[in-house]
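Here are my notes on this entry, point by point. Please keep the coordinates open while you read.

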Amino acid sequence: GAAMRIVPADRSSAHLSFPPSPTKHESVKFRAKSVEVPPGGAFSFPLHSPGPGSLVRVAFQVHDGKELEFELWQGGARVHAVLGEAHEGEVVVPAEGLCEARWAQQFSWVGAGMLIWSPVTVSYEVVVVPPQHLAHARVRQLLQIARHGTVAELQAALENTPPSDSDEAGLTALHAAAAA
């Protein structure tokens with residue numbers, strides 16, 4: 001066979017910086033109407049959490065008054081679970097990386113201990129909101145209060161604002177303006 005030659009990686013490439021992907025600051029929406037969950041099975045799809053503190057907003061409706069269990073998984077851990085025929089809520093995802101949204105059928109016992117499975121249909125909307133988007137929205141809200149509200153309103157809003165890495169620079173100026 002031909003001999004393989006290993007070429008050392010160019011070390012300068014480690015210092016190249018690429019512009020952030022467009023989805024880093026933008027919300028991503030997944031929605032579908034009338035997805036069939038097979039008898040005794042599950043329906044799932046992958047989604048990406050762009051950073052710790054990302055928010056996943058979930059709304060679903062199971063057709064014909066049936067129930068499904070919705071689960072959000074990340075790294076082998078169940079981040080969120082709810083059982084019902086309809087649900088609307090939000091979950092904060094602890095880390096960056098791949099997640100799985102999953103709807104699964106639970107057992108239906110009928111009559112004398114017989115197990116009955118039938119397909120279940122669900123319509124859903126799942127929105128992933130990056131932490132940067134949340135921080136920017138918060139800063140925009142504070143700037144709006146700073147421009148049009150009273151000093152007391154601004155101080156109250158700032159007291160309820162947790163300083164975080166992503167928005168510390170923006171909020172520091174607002175805190176200084178409120179204190180002046």
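1. Ser 49 sits in strand E2, which spans residues 42-49. This is a predicted model. Ser 49 has a relative accessibility of 1%, so the residue counts as buried. A polar atom of the Ser 49 side chain lies 3.1 Å from the backbone oxygen of Gly 51.

2. Which residues does Ser 49 touch, once neighbours within four places in sequence are left aside? The contacts are Ser 54, Gln 74, Val 93, Ala 95, Glu 96, Gly 97 and Cys 99.

3. Strand E2 has two faces. In a regular strand, side chains alternate between the two faces of the sheet. The covered face of E2 carries Phe 43, Phe 45, Leu 47 and Ser 49. Ala 42, Ser 44, Pro 46 and His 48 make up the uncovered face.

4. Strand E2 pairs with strand E7, residues 97-104. The two run antiparallel and are joined by eight bridges. Phe 43 has Trp 103 as its bridge partner in E7. Phe 43 and Trp 103 also both belong to a cluster linked by ring pairs.

5. On the aromatic side, the whole structure holds 10 aromatic pairs. One of them is Phe 30 with Phe 45. The ring centres are 5.0 Å apart and the planes differ by 35 degrees, which makes the pair tilted. Phe 30 belongs to strand E1 and Phe 45 to strand E2, so this pair links parts of the chain 15 residues apart. Phe 30 is partly exposed, at 24% relative accessible area. Phe 45 counts as buried, at 11%.

6. Phe 45 has a further ring partner, Tyr 124. Here the rings are stacked, with 5.4 Å centre to centre and 25 degrees between the planes. Phe 45 lies in strand E2 and Tyr 124 in strand E10 (residues 120-129), so the pair ties together parts 79 residues apart in sequence. Both Phe 45 and Tyr 124 are buried.

7. Which residues make up the ring cluster? Ring pairs connect Phe 30, Phe 43, Phe 45, Phe 60, Phe 70, Trp 103 and Tyr 124. Phe 43 and Phe 45 from this cluster are also listed on the covered face of E2.

8. Next, an open sheet. Four strands are arranged in the order E1-E10-E3-E6, with antiparallel pairing. E1 (28-37) and E6 are the edge strands, each with a single partner, so one side of each has no neighbour in the sheet. On average, neighbouring strands of this sheet are turned by 15 degrees against each other, direction ignored.

9. Within that sheet, E3 and E6 run antiparallel and share eight bridges. Strands of a sheet pair through backbone hydrogen bonds. For Val 58, the bridge partner in E6 is Gly 89.

10. E3 and E6 are also tied by side chains. Glu 90 and Arg 57 form a salt bridge, with the closest N and O atoms 3.1 Å apart. Glu 90 lies in strand E6 (residues 86-93) and Arg 57 in strand E3 (residues 54-62), so the pair connects parts 33 residues apart in sequence. Arg 57 is partly exposed, with a relative accessible area of 38%.

11. How many salt bridges are there? The count comes to five. Several of the charged residues form a network: Glu 69, Glu 71, Arg 78 and Arg 102 are linked by salt bridges.

12. Within that network, Arg 78 bridges to Glu 71 at 2.8 Å, N to O. Arg 78 also forms a salt bridge with Glu 69, where the closest N and O atoms are 3.5 Å apart. That distance still qualifies, because the cut-off is 4 Å.

13. Are the partners in these bridges buried or exposed? Glu 71 is buried, with a relative accessible area of 6%. Glu 69 is buried as well, at 17%. Buried means under 20%, so Glu 69 falls within that class. Arg 78 is partly exposed, at 46%.

How values were computed: Residues numbered from 1 in each chain as written. Predicted model: local features only at pLDDT ≥ 70, side-chain atom pairs only at ≥ 80, totals over all residues. Heavy atoms only, no water. Buried < 20%, exposed > 50% of the residue type's maximum accessible area, 1.4 Å probe, protein only. Pairing = 2+ DSSP bridges. Axes fitted to C-alpha atoms, helices over the stretch in contact; angles between N-to-C directions. Polar contact = N/O pair within 3.5 Å; in protein donor to acceptor, adjacent residues only side chain to side chain. Contact = heavy atoms within 4.5 Å. Phe/Tyr/Trp six-rings, centres within 6.5 Å; stacked < 30°, edge-to-face > 60°.
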